[in-house]
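Please open the model in a viewer and keep the sequence panel visible. The tour below proceeds by selection, with a description of what is found at each stop.

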Amino acid sequence: MLILNVLGGLAIFIFGMKLMSDGLHRVAGERMRSILRLFSSNRFIGIIAGCVVTAVVQSSSATTVMVIGFVNAGLLSLMQSMGIIFGANIGTTITAQLVAFDISWIIMPSIIIGLVLSFIKNRALSNWSETILGLGFLFLGMTFMSDQLKTLSEVEWFKNLFQTFKCAPVDGTMPFMSVLGAIGIGILATVIIQSSSACSGIVVALGASGLVDIYTAVALILGSNIGTTITAQLAALTTNRVAKQAALAHTLFNVIGALIMASTFWIVIDGTPNGTPIFFKAVDMMSANGTLPRQIANAHTLFNVCTTVILIPAIPLLVKACEKFIPVKDEKIKYQRLEPHFLSTPSIALSQTAGALRKMLKKSWRMADASLKIYNKNDEENRNYLENLEEYENDIDVRQKDITSYLSKLMLTELTEEEAEQIPLLLHCTNDAERIGDLSLNIRVIMENITNKKYKFSESAEAEFNDLHERLNAMANLSVKLLATKSPDLLQTAKALKKEMAETLNAIESDHVSRVNSGICRAEVGISYLELLESIRKVSKNLNNIIDRCDNFYERLPKVKRQKESQQTANA
């Protein structure tokens with residue numbers, strides 16, 4: 001029954017950690033993405049970014065998987081990812097530091113407040129309710145587990161079980177096989193639990209119950225640091241080779257760090273036969289004779305900070321080693337434009353989708369633009385491009401299918417109200433971009449018919465056509481920018497251009513009918529010209545739809561944020 005109680009406490013502890021992590025993950029959302037992307041250019045700042053993000057989401061695995069996703073999507077280089085991975089190892093020590101505090105008084109207030117907030121329909125407060133509730137369950141599980149372990153520590157066979165890998169010095173030397181066994185147990189436990197933070201919390205609980213000493217606890221944590229790399233390796237299985245290199249870098253860093261720290265176990269600081277190993281002497285000084293849980297937490301932090309400081313200069317060497325072990329066979333790396341690992345972070349997934357949509361819109365407009373150039377700007381480059389127009393159109397169809405599938409998977413995750421509202425908007429924009437690709441084929445047929453039959457537009461009709469082409473090009477470029485910037489100034493420009501385009505098309509169509517009726521324009525040329533105007537109108541309509549939906553994206557942003565982003569756009 002005591003063992004069941006321990007396992008029950010462990011289950012509550014892990015559930016609380018997951019609840020708190022998920023809540024913080026959703027609260028942090030977009031900020032996490034900004035921190036990782038904006039502060040990754042410098043390895044030292046990248047370490048700080050990785051540390052902060054991991055401390056916030058309470059999971060080095062989540063941070064590392066996100067980094068691998070960024071590398072796989074081509075948003076981070078291998079060198080940039082290294083600093084963040086190093087920082088994640090420091091950030092993950094916050095859990096051990098947190099649970100080492102004796103703050104059991106926080107349990108019931110956290111559970112009560114978290115439960116009350118969960119009844120409030122506001123999504124932001126709901127996310128915080130999970131965080132606060134998770135904090136309460138984390139300490140509830142920790143307290144319950146520690147109490148049961150203290151009782152179990154009095155049971156002889158259970159106590160003896162932990163003595164089999166006891167790492168305390170014997171005759172002044174830590175037993176090598178026991179250290180190796182404890183590291184192996186730490187690796188196995190973390191691989192099973194899939195969380196080094198949870199594993200370190202368990203080790204703190206074992207220390208609080210007196211079942212393990214500081215020496216054994218540190219060996220277990222060294223193993224935990226190695227075991228946590230399995231998550232990154234699993235995440236990298238389906239990624240490109242650069243992302244696989246990032247996962248390998250994580251493993252190499254943790255293994256080398258563990259070896260460096262383990263080697264200090266046999267370096268005695270005072271030179272006497274029964275002296276204290278140098279690392280544990282440093283932990284003693286850092287903890288100022290604190291409790292064993294505090295010593296374990298400090299040892300965890302000290303270990304990761306020291307290995308990071310030692311290995312920072314070796315980052316270029318680690319990069320070269322990863323490139324040697326996992327060479328890039330092809331010169332061109334295939335990056336994943338819709339990274340599946342981002343589905344667990346909807347804000348990032350939506351940003352990725354918008355990026356994929358922008359590229360799709362650029363390509364579909366390029367097709368329409370090339371088809372419109374057939375009449376009077378059909379140079380060799382344009383003719384070569386048009387030869388593969390069907391292939392490009394098939395690529396647009398594939399992109400539409402990929403985006404639709406990605407958003408369908410995203411809909412199955414837990415979304416905020418704002419995130420859920422963006423999905424149909426992105427789907428409709430994707431459909432509009434695909435229709436522009438289809439229309440480019442129709443425009444090419446019309447234009448080739450005009451040129452093959454040597455039809456010539458009248459001087460006024462040609463001027464009108466060139467004007468429409470320029471306006472359409474401006475609308476397409478603005479649509480692409482609006483999907484990225486959400487700038488009110490660009491939005492106003494696009495709305496004005498949209499209105500002018502509609503008025504111009506109506507006026508041109510009316511003038512053209514007058515020219516046909518008056519005999520200025522031949523009937524057969526006039527029909528082709530009207531077909532061309534109709535296709536241009538349809539392309540314009542699709543671009544209008546995208547502009548209107550960009551307006552909806554913009555309107556959901558808070559007022560202060562809109563002003564800030566508008567100023568940033570103006571400065572850019």
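**Stop 1: a glycine in a helix**

Select G181, which counts as partly exposed at a relative accessibility of 32%; the model under examination is a predicted one. The value lies between the limits of 20% and 50%, so the residue is classed neither as buried nor as exposed. G181 belongs to helix α9. For a distance across the model, add A232, which is 51 residues away along the chain. The C-alpha atoms of G181 and A232 are 24 Å apart.

**Stop 2: α9 against α11**

Extend the selection to the whole of helix α9, residues 176-193, and add helix α11, residues 214-227. The two axes cross at roughly 45° and come within 6 Å. That angle makes α9 oblique to α11. The crossing of α9 over α11 is right-handed.

Next, display the side chains at the contact. On the α9 side, select V179, A182, I183, I185, G186, I187, T190 and V191. Their counterparts in α11 are T216, A219, L220, L222, G223, S224, I226 and G227. Colouring this contact by class shows ten nonpolar and six polar residues, with no charged ones.

**Stop 3: a threonine in a loop**

Move to T92, located in the loop that joins α4 (78-91) and α5 (94-99). Is T92 buried or exposed? With a relative accessible area of 3%, T92 is buried, because this value falls under the 20% limit.

Now show the surroundings of T92. Leaving aside residues up to four places away in sequence, T92 touches T54, S60, S196, S197 and H300. One of these neighbours, S197, merits a closer view: its side chain makes a polar contact of 2.9 Å with the side chain of T92.

**Stop 4: α13 against α16**

For the last stop, select helix α13, residues 241-263, together with helix α16, residues 315-325. Their axes lie 9 Å apart, and the helices pack at an angle of about 125°. This makes α13 oblique to α16. As α13 passes α16, the crossing is right-handed.

Which residues of α13 and α16 meet? From α13, select Q245, L248, A249, L252 and I256; from α16, select L318, C322, E323 and F325. By class, this contact of α13 with α16 comprises seven nonpolar residues, one polar residue and one charged residue.

Methods: Residues numbered from 1 in each chain as written. Predicted model: local features only at pLDDT ≥ 70, side-chain atom pairs only at ≥ 80, totals over all residues. Heavy atoms only, no water. Axes fitted to C-alpha atoms, helices over the stretch in contact; angles between N-to-C directions. Helix = DSSP H or I, 4+ residues; strand = E, 2+ residues; numbered from the N terminus. Parallel < 35°, antiparallel > 145°, perpendicular 65-115°, else oblique. Left-handed = near helix turned anticlockwise from the far one by under 90°. Contact = heavy atoms within 4.5 Å. Nonpolar A, V, L, I, M, F, W, Y, C, P; charged D, E, K, R; others polar. Buried < 20%, exposed > 50% of the residue type's maximum accessible area, 1.4 Å probe, protein only. Polar contact = N/O pair within 3.5 Å; in protein donor to acceptor, adjacent residues only side chain to side chain.
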